[in-house]
Amino acid sequence: MPERPQAEDAAKAPEATKTTAAKKTAGKAAERGATGTRAERATGTPAEGSPDKTSAPRRQARGERRIAQLLEAAASVFCRTGYAAASTNAIAREAEVSPGTLYQFFPNKEAIAVHLGDELLRRARDMHGQAFLPENLDKPLPELLDAVLDPVIAFNCENPAFWALMHGSGIPGITQEHEELHNGLLERIQGILRAFCPDGPPEELARVSGMILGIFKAALDLILASEGAERAAYTAELKIVLLRYLEPMLAATHPH
């Protein structure tokens, strides 16, 4: 199948309508990997009414693996080139499939990004729940920073496409969901500060929370751009910065 021009990756409808359509299509693409139509023809899954229903679960699994393969390839391409410069043809090459196979599951680059972004956002929310456990409030400040920062940093290092999509795609749906995730992080940070400084003025706690998140995001750029010992060193520096910033505020009220 001839390569489709990249212009197909940008719909002519308004952004909000385009993103909603992409979400629906991406969702339907995942369903097709499980239930049929175009994905059935790509993976050999029999249509409803076919006499070969006994092999449907196995072929359904192949369709799901194909979707996972395409999303993994897209993550690599988005990290390497950025979302704007990526194309469906590049994603197909990375996945070692034909462009026609890709189009059987996703109609364009935006649909792939929406599907991948939804999955990464779900993982990020799960990770935040683990990082901000209530029992972490009983830890000394250095250990509290370790407990909160280590899983967040590890997630971003293991999923570099998350940073590339959340900050570089410009897709309204992803941008909005990332903004909600950002606000949720601020609320979690403020919750920790309120636990240590229950009498702190709300506006001050909000300002300090914003500063903490800003420092973290700036440091994360350096952490993601490095590897090995250098990455570990930047992580340690981030913790020192936050420790020295927070110690004067929390020392009087921290139980340890």
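These exercises work through the helices of a predicted model.

**Exercise 1. The overall fold**

Task: Find how many helices and strands the protein has, and what share of its residues is buried.

Solution:
- Start with the secondary structure. The protein has 11 helices and 0 strands.
- Read the elements from the N terminus. The order is α-α-α-α-α-α-α-α-α-α-α.
- Turn to burial. Of the 256 residues in the protein, 42% are buried.
- Finish with contacts at a separation of 6 or more. Residues 24 or more positions apart account for 70% of these.

**Exercise 2. H3 against H6**

Task: Classify the packing of helix H3 (residues 56-81) and helix H6 (residues 109-131) from the angle between them.

Solution:
- Two numbers describe a pair of packed helices: the angle between the axes and the distance between the axes.
- For H3 and H6 the angle is about 100°, and the axes are 10 Å apart.
- Angles of 65 to 115 degrees count as roughly perpendicular. H3 and H6 are therefore roughly perpendicular to each other.
- Now list the contact residues. H3 contributes Ile67, Leu71, Ala74, Ala75 and Phe78. H6 contributes Lys109, Ile112, Ala113, His115 and Leu116.
- Sort the residues of this contact by class. There are 8 nonpolar, 1 polar and 1 charged.

**Exercise 3. H7 against H11**

Task: Repeat the analysis for helix H7 (residues 141-158) and helix H11 (residues 228-250), and add the handedness of the crossing.

Solution:
- The angle is about 140°, with the axes 10 Å apart.
- Roughly antiparallel needs an angle over 145 degrees. H7 and H11 are therefore oblique to each other.
- The crossing of H7 and H11 is right-handed.
- On the H7 side, the contact uses Leu141, Pro142, Leu145, Asp146, Leu149, Asp150, Ile153 and Cys157. On the H11 side are Arg231, Thr235, Leu238, Lys239, Leu242, Leu243, Leu246, Glu247 and Leu250.
- By class, the contact of H7 with H11 holds 11 nonpolar, 1 polar and 5 charged residues.
- Take one residue from each helix. Glu247 and Leu141 lie 106 residues apart in sequence, yet their C-alpha atoms are 7.8 Å apart in space.
- Check how open Glu247 of H11 is. Its relative accessibility is 39%, so Glu247 counts as partly exposed.

**Exercise 4. The length of H9**

Task: Test the end-to-end distance of helix H9 (residues 172-196) against the span expected at 1.5 Å a residue.

Solution:
- Count the residues. H9 has 25.
- The expected span is 36 Å.
- Compare the model. The end C-alpha atoms of H9 are 37 Å apart, which agrees.
- Then look at burial along H9. Its buried residues are Gly173, Ile174, Glu177, His178, Leu181, Leu185, Leu186, Ile189, Gln190, Ile192, Leu193 and Phe196.

**Exercise 5. H4 and the residue after it**

Task: Determine how many residues of H4 are buried, and what sign phi has in Glu96, which follows H4.

Solution:
- H4 is mostly covered, with 6 of its 8 residues buried.
- The buried ones are Thr88, Asn89, Ala90, Ile91, Ala92 and Ala95.
- Identify the cover. H3, H5 and H6 are among the elements over these residues.
- Step past the helix end. Glu96 sits in the loop between helix H4 (88-95) and helix H5 (99-103).
- Recall the usual sign. Most residues other than glycine have a negative phi.
- Phi of Glu96 is positive, near 60°.
- Last, test accessibility. Exposed means over 50%. Glu96 has 74% relative accessibility and therefore counts as exposed.

Notes. Residues are numbered from 1 along each chain as its sequence is written. This is a predicted model: local features need pLDDT of at least 70, side-chain atom pairs count only at pLDDT 80 or more; totals for chains, interfaces and linings use all residues. Side-chain values use heavy atoms; hydrogens and water are left out. Axes are lines fitted to C-alpha atoms, for helices over the stretch in contact, and angles run from 0 to 180 degrees between N-to-C directions. Helices (H or I, at least four residues) and strands (E, at least two) are DSSP runs, numbered from the N terminus. Angles under 35 degrees count as roughly parallel, over 145 as roughly antiparallel, 65 to 115 as roughly perpendicular and the rest as oblique. Contact means heavy atoms within 4.5 Å. Ala, Val, Leu, Ile, Met, Phe, Trp, Tyr, Cys and Pro count as nonpolar, Asp, Glu, Lys and Arg as charged, and the others, Gly among them, as polar. A crossing is left-handed if the near helix is turned anticlockwise from the far one by less than a right angle, and right-handed if clockwise. The expected span of a helix is 1.5 Å times one less than its number of residues. Buried means under 20% relative accessible area, exposed over 50%, partly exposed in between (1.4 Å probe, protein chains only).
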